[in-house]
Amino acid sequence: MTTTQARTEADHAHGADPHAGHAAPAAAGQQGGHGPHGYSAQKDAHLKRLRRIEGQIRGLQRMVDEDVYCIDVLTQVSASTKALQSFALSLLEEHLRHCVAAAAEEGGAELDAKVAEATAAISRLLRS
C-alpha cells in the first residue's frame with residue numbers, strides 16, 4: 001500500500017459524520033449491561049465504521065507482510081489510531097447524551113456514578 005492509499009483510507013475513515021442522528025434516550029434504568037444503550041440507534045453506522053477500521057488494520061498487516069517502507073506503515077498506524085479515537089469520541093458523546101442525561105433526571109447517587117464513569121472513560125482516552 002502506498003502513502004497515497006493510506007491517506008485515502010484515512011480520509012474514508014473520517015468521512016462518516018460522528019454527530020449525525022443522535023440516539024433518542026431510552027427508558028432510565030436500561031443502562032449498564034442490558035437494554036438499549038446510547039449508541040443503539042446508530043448501531044449499523046457504528047458497525048460499518050468499525051468494519052472500515054478493521055480494513056485499515058488488515059491493510060497494516062499487508063503492508064508489513066509486503067515489507068512496505070516504515071514511514072508508510074507508520075502513516076497508516078496514525079490514520080487507524082485517529083479513526084479509533086474518533087469512534088471513541090462518538091460513543092462518549094452518545095453516552096453523555098443518553099446515560100448521563102438519564103441519570104441527571106434521577107439525580108443523586110446515580111448521577112454521581114455516571115459522571116464518575118464518564119470521567120474515568122475520558123481519562124482512559126487521554127492516556128491512550
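In this predicted model, the accessible surface of the chain comes to about 7,900 Å². Carbon and sulfur atoms account for 58% of that area. Turning from the outside to the inside, buried residues make up 31% of the 128 residues in the chain.

The secondary structure is easy to follow. The chain holds 4 helices and 0 strands, and a walk along the sequence gives the pattern α-α-α-α. Contacts tell how these parts come together. When contacts between residues at least 6 apart in sequence are considered, 65% of them join residues at least 24 apart.

Helix α3 is a good place to pause. This helix covers residues 70-106 and has 37 residues. From its first C-alpha to its last, α3 reaches 52 Å, close to the 54 Å expected at 1.5 Å a residue. The helix also carries a kink of about 30°, centred on H95. Just after α3 comes G107, which takes a positive phi of about 70°. Helix α4 then spans residues 108-127.

Where does α3 meet another helix? One example is offered by S80, a residue of helix α3. S80 is buried, with a relative accessible area of 3%. Leaving aside residues up to four places away in sequence, S80 touches Q56, I57 and L60. Of these partners, I57 lies in helix α2, the helix that covers residues 43-65. I57 counts as partly exposed, at 35% relative accessibility, whereas S80 is buried. The two residues are 23 residues apart along the chain, and their C-alpha atoms are separated by 6.9 Å.

A second pair links a loop residue with a residue much further along the sequence. A41 lies in the loop between α1 (3-13) and α2, and at 56% relative accessibility it counts as exposed. A41 and E94 are 53 residues apart in sequence, yet the distance from C-alpha to C-alpha is 9.9 Å.

How many salt bridges does the model contain? The count comes to 3, and each pair can be described in turn.

In helix α2, the side chains of R58 and E54 meet in a salt bridge, with 2.9 Å from N to O. These residues are 4 residues apart, about one turn of the helix. Both partners are partly exposed: R58 has a relative accessible area of 44%, and E54 has one of 38%.

In helix α3, R97 forms a salt bridge with E93, and the closest N and O atoms are 3.1 Å apart. Here too the partners are separated by about one helical turn, being 4 residues apart. Their surroundings can be read from their accessibility: R97 is partly exposed, with a relative accessible area of 43%, while E93 is buried, with a relative accessible area of 17%.

In helix α4, the side chains of K114 and E117 meet in a salt bridge at 3.5 Å, N to O. K114 and E117 are 3 residues apart, which again places them about one helical turn from each other. Is the lysine of this pair, K114, buried or exposed? At 10% relative accessibility, K114 counts as buried. Its partner E117 is partly exposed, with a relative accessible area of 39%.

Why do spacings of three or four places suit such pairs on a helix? An α-helix has 3.6 residues a turn, so residues three or four places apart point the same way. The spacing of R58 and E54 in α2 is 4 residues, that of R97 and E93 in α3 is also 4, and that of K114 and E117 in α4 is 3.

Finally, how many disulfides are there? The count comes to 0. Cysteines are nevertheless part of the chain, including C70 and C99. C70 is exposed, with a relative accessible area of 54%, whereas C99 counts as buried, at 6% relative accessibility.

Note on methods
Residues are numbered from 1 along each chain as its sequence is written. This is a predicted model: local features need pLDDT of at least 70, side-chain atom pairs count only at pLDDT 80 or more; totals for chains, interfaces and linings use all residues. Side-chain values use heavy atoms; hydrogens and water are left out. Helices (H or I, at least four residues) and strands (E, at least two) are DSSP runs, numbered from the N terminus. Buried means under 20% relative accessible area, exposed over 50%, partly exposed in between (1.4 Å probe, protein chains only). Contact means heavy atoms within 4.5 Å. Accessible areas come from the Shrake-Rupley method with a 1.4 Å probe; for residues, only the protein chains shown count as cover. A salt bridge is a side-chain nitrogen of Lys or Arg within 4 Å of a carboxyl oxygen of Asp or Glu. A disulfide is a pair of cysteine sulfur atoms within 2.5 Å. The expected span of a helix is 1.5 Å times one less than its number of residues. The bend at a residue is the angle between axes fitted to the seven residues ending there and the seven starting there.
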